Amino acid sequence: MFVCFIDFSKAFYKVNYWKLFTQLLDGGDNTSIVSLLAYWYTYQQACVLWMHVQSSSFFIGNGTKQGDILSPYLFTRYIRELLSVVKDWLSYWWCCC
C-alpha cells in the first residue's frame, strides 16, 4: 500500500494571483469575472493590530482571502494541474505493478 500526503496547511497564503487568473482565463472562465477578481485581489490592503497599536496599511501580494467563500474554489483551480499530475502518476504506477 502506498499513500501520498500533501501538506496544504499554509498553501492558501502562497497562491500567486497572476498565475491563478491566467489559469482561470485558460480554463474558459468569464473574462469579466476574472477581471473583477483581479481588481479585488490586486488592490487589497491590510493592517496589523497588536497590543492596541495599529500598523500602517500595506498591500497584500499573494494568497487567497481567508474565510472568503470563493477561496476553496480558487485554490482548487490553482492546484488542478498538480492534482492531475499526481493522479496520472498514481494511475501509471498502479497499472505497472
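Which side chains are joined by a polar contact of 2.4 Å? In this predicted model, the side chains of Gln44 and Tyr17 are the two partners, and the surroundings of this pair are taken up below, after an outline of the chain.

The secondary structure consists of 3 helices and 4 strands, and the elements follow one another from the N terminus in the order α-α-β-β-β-β-α. Of the 97 residues of the chain, 22% count as buried, while the accessible surface comes to about 7900 Å², with 63% of that surface belonging to carbon and sulfur atoms. Among the contacts in the chain with a separation of 6 or more, 56% are accounted for by residues 24 or more positions apart.

Gln44 is placed in the loop between helix 2 and strand 1. With a relative accessibility of 12%, Gln44 falls under the 20% limit and therefore counts as buried. When neighbours within four places in sequence are left aside, the contacts of Gln44 are with Tyr17, Phe58, Phe59, Ile60, Gly63 and Lys65, and Tyr17 is thus both a contact of Gln44 and its partner in the polar contact of 2.4 Å between side chains. Tyr43 lies in the loop between helix 2 and strand 1 (45–46); Tyr43, however, counts as exposed because its relative accessibility is 51%, whereas Gln44 is buried.

Tyr17 also belongs to an aromatic cluster, which it forms together with Trp18, Phe21 and Tyr41. The count of aromatic pairs comes to 5. One of them is formed by Phe21 and Tyr41 in an edge-to-face arrangement, with 6.2 Å from centre to centre and 70° between the planes. This pair links distant parts of the chain, since Phe21 lies in helix 1 and Tyr41 in helix 2, 20 residues apart; both Phe21 and Tyr41 are buried. In the pair of Tyr39 and Tyr43, the ring centres are 4.8 Å apart and the planes stand at 50°, so this pair is classed as tilted. Tyr39 counts as exposed at 52% relative accessibility, and Tyr43 likewise counts as exposed, at 51%.

Tyr39 and Tyr43 are also members of a nonpolar patch on the surface, which they form with Leu36, Trp40 and Phe59, and the accessible area of these residues together is about 610 Å². The largest share of the patch, 3 residues, comes from helix 2 (residues 31–42), while Tyr43 lies in the loop between helix 2 and strand 1. Phe59, a further member of the patch, is among the residues in contact with the buried Gln44.

A single salt bridge is counted in the model. It is formed by Arg77 and Asp29, whose closest N and O atoms are 2.7 Å apart. The two residues belong to distant parts of the chain, Arg77 being in helix 3 (residues 71–96) and Asp29 in the loop between helix 1 and helix 2, with their positions 48 residues apart in sequence. The partners do not fall in the same class of accessibility: Arg77 counts as buried because its relative accessibility is 8%, whereas Asp29, with a relative accessible area of 23%, is partly exposed. Arg77 is in turn touched by Gln23, which also touches Tyr78 when residues up to four places away in sequence are not counted. Gln23 has its place in helix 1 (residues 17–26), and its relative accessible area of 19% is under the limit of 20%, so that Gln23 is classed as buried.

Positive phi values are found at two residues of the loop between strand 2 and strand 3. Met51, although not a glycine, has a positive phi of about 55°, and its place is in the loop between strand 2 (49–50) and strand 3 (53–54). His52, which is likewise not a glycine, has a positive phi of about 65° and is placed in the loop between strand 2 and strand 3. Met51 counts as exposed because its relative accessibility is 62%, and His52 counts as exposed at a relative accessibility of 81%.

Methods: Residues are numbered from 1 along each chain as its sequence is written. This is a predicted model: local features need pLDDT of at least 70, side-chain atom pairs count only at pLDDT 80 or more; totals for chains, interfaces and linings use all residues. Side-chain values use heavy atoms; hydrogens and water are left out. Patches are made of residues with over 30% relative accessible area and no salt bridge: like charges are joined within 9 Å, nonpolar side chains (Val, Leu, Ile, Met, Phe, Trp, Tyr) within 5 Å. Accessible areas come from the Shrake-Rupley method with a 1.4 Å probe; for residues, only the protein chains shown count as cover. A salt bridge is a side-chain nitrogen of Lys or Arg within 4 Å of a carboxyl oxygen of Asp or Glu. Buried means under 20% relative accessible area, exposed over 50%, partly exposed in between (1.4 Å probe, protein chains only). A polar contact is a pair of N or O atoms within 3.5 Å; within protein, one must be able to donate a hydrogen and the other to accept it, and residues adjacent in sequence count only if both atoms are side-chain atoms. Contact means heavy atoms within 4.5 Å. Rings of Phe, Tyr and Trp (its six-membered ring) pair if their centres lie within 6.5 Å; planes under 30 degrees apart count as stacked, over 60 as edge-to-face and the rest as tilted.
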